[in-house]
Amino acid sequence: MITQNIATSISKSIIDTVGKTPLIKLSNINKNSNYKLFGKLEAANPAGSIKDRTSLFMIQKALDEGKIKKGDTVVESSSGNMAVGLAQVCLHFGLHLIVVVDPKLNSHTEKILRTYGVRIEKVTKPKDDGGYLGARLEKVQHLLDTIPNSFWSNQYGNQDNPLTHHQTMTEIMDALHGKLDYLFVATSTCGTLMGCADYIVEHNLNTKIIAVDAVGSVLFGGPPLKRLIPGHGAGVPSQFLNINKIHDHVYVDDVDCARGCWSLLENESILCGGSSGGMISAVNKYSKKIEAGSNCALFLCDRGERYLDTIYDQDWLLKELPESRNAFTPLGGWQVA
């Protein structure tokens with residue numbers, strides 16, 4: 001018999017539906033494991049990602065503190081999800097939004113942003129000492145210097161970014177009745193990572209936090225390398241990262257992300273984006289270090305629809321990541337020559 005949870009309350013607006021996302025037991029993806037794995041379905045947020053939380057928290061705080069007002073312009077650098085989260089929040093509060101992007105922005109996300117009325121500024125050349133992120137941040141500063149009544153939400157340095165995820169952690173811990181042994185978190189600005197880590201330290205929890213970083217990211221001292229899948233890793237050091245609060249870290253490459261995405265879809269019927277797939281692969285890589293009976297959780301950060309032209313497109317995979325053919329098999333098998 002199928003039972004349904006019936007909503008018993010009415011939200012005042014779309015932004016009141018941000019957060020309180022489901023925690024899903026991932027029972028099929030690691031059937032032979034001796035630990036339990038749970039996914040926090042941040043793709044269920046109204047604009048489709050965990051960045052909905054960050055966008056709302058930072059903009060609401062800025063409005064409450066008088067840093068911005070209706071009609072002002074918010075400027076941000078983003079590879080995708082933060083931009084979409086801000087697009088929804090800024091439209092709701094009557095703010096203009098300019099987003100600085102780079103060539104890794106996928107076409108689906110660009111269409112979403114333009115539909116929200118966002119002004120898009122593209123950088124096309126990476127900086128030698130900071131990659132595309134460095135170039136985007138340089139462009140952000142130029143816009144702030146030239147546009148009156150502009151405000152940088154600054155997901156890279158605004159302390160309200162990590163503070164957002166104290167609420168996220170509260171939701172996870174409540175759902176698991178306080179028993180969480182391992183938490184896998186994808187890096188980027190490291191706002192989510194350190195917000196969760198700070199919560200763990202402040203509440204004296206035994207949870208071990210595992211950072212999932214991209215091969216080619218500089219966050220843990222690796223050399224900068226070309227990366228195709230956005231949403232995790234960084235080309236410049238994080239202003240938030242405190243490695244003393246991180247138990248360990250795992251590297252995943254673009255093929256790992258794609259493999260994890262297809263595995264999540266095939267085994268759990270969940271269509272998510274690249275960083276989610278990266279965390280699935282990271283758990284597999286780390287599994288031998290996980291004690292039997294452990295509760296493990298990770299974030300299913302965003303919706304997979306934004307990756308239909310990349311991760312979920314077989315032609316793209318074989319062109320851009322040809323090693324995919326020998327690394328995994330998509331649902332239905334390889335359909336291209």
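## Two sheets and their helices

Trainee: Which residue in β5 is the bridge partner of Ile98?

Mentor: This is a predicted model: local features need pLDDT of at least 70, side-chain atom pairs count only at pLDDT 80 or more, and totals for chains, interfaces and linings use all residues. Residues are numbered from 1 along each chain as its sequence is written, and side-chain values use heavy atoms, without hydrogens and water. Four bridges join the parallel strands β4 (residues 96–101) and β5 (residues 119–122). In β5, Ile98 has as its bridge partner Arg119.

Trainee: Is the crossover from β4 to β5 left-handed or right-handed?

Mentor: Helices (H or I, at least four residues) and strands (E, at least two) are DSSP runs, numbered from the N terminus. The chain leaves β4, passes through helix α3 (residues 107–115) and reaches β5. Point the strands away from you: a clockwise path from the first strand over the helix to the second counts as right-handed. This β-α-β crossover is right-handed.

Trainee: Which are the edge strands of the sheet that holds β4?

Mentor: Four strands form this open sheet, with parallel pairing and the order β5-β4-β3-β6. Strands pair if DSSP finds at least two bridges between them. An edge strand pairs on one side only, and here the edges are β5 and β6 (150–152).

Trainee: Which residue of β4 is the bridge partner of Ser77?

Mentor: Look at β3 (residues 73–77) beside β4. Five bridges join these strands, which run parallel. Ser77 is bridged in β4 to Val100.

Trainee: At about what angle to β3 does helix α4 run?

Mentor: Angles run from 0 to 180 degrees between N-to-C directions, and axes are lines fitted to C-alpha atoms, for helices over the stretch in contact. Helix α2 (residues 81–93) lies across β3 and β4, at about 175° to β4. Helix α4 (residues 131–146) lies across β3, β4, β5 and β6, and its angle to β3 is about 165°.

Trainee: Which residue in β10 stands opposite Phe184?

Mentor: Move to the other sheet. Six strands make an open sheet in the order β1-β2-β10-β7-β8-β9, with mixed pairing. Within it, β7 (residues 182–186) and β10 (residues 295–300) pair in the parallel sense over three bridges. Opposite Phe184 stands Leu298.

Trainee: Which strands does α6 touch where it packs on the sheet?

Mentor: Helix α5 packs on the sheet too, touching β1, β2 (36–41), β7 and β10, at about 140° to β2. The direction of α6 makes about 170° with that of β8 (208–214). The strands that α6 touches are β7, β8 and β10.

Trainee: Is the crossing of α5 and α6 left-handed or right-handed?

Mentor: The axes of α5 (residues 160–175) and α6 (residues 191–202) come within 7 Å and cross at roughly 60°. The two are therefore oblique (under 35 degrees is roughly parallel, over 145 roughly antiparallel, 65 to 115 roughly perpendicular, the rest oblique). A near helix turned from the far one by less than a right angle is left-handed if anticlockwise and right-handed if clockwise. The α5 and α6 crossing is right-handed.

Trainee: How many charged residues are in the contact of α7 with α8?

Mentor: The axes of α7 (residues 254–268) and α8 (residues 274–286) come within 6 Å and cross at roughly 90°, which means α7 is roughly perpendicular to α8. Contact (heavy atoms within 4.5 Å) involves residues including Asp256 and Arg259 in α7 and Lys285 in α8. Ala, Val, Leu, Ile, Met, Phe, Trp, Tyr, Cys and Pro count as nonpolar, Asp, Glu, Lys and Arg as charged, and the others, Gly among them, as polar. The contact has four nonpolar and five polar residues, and its charged residues number three.
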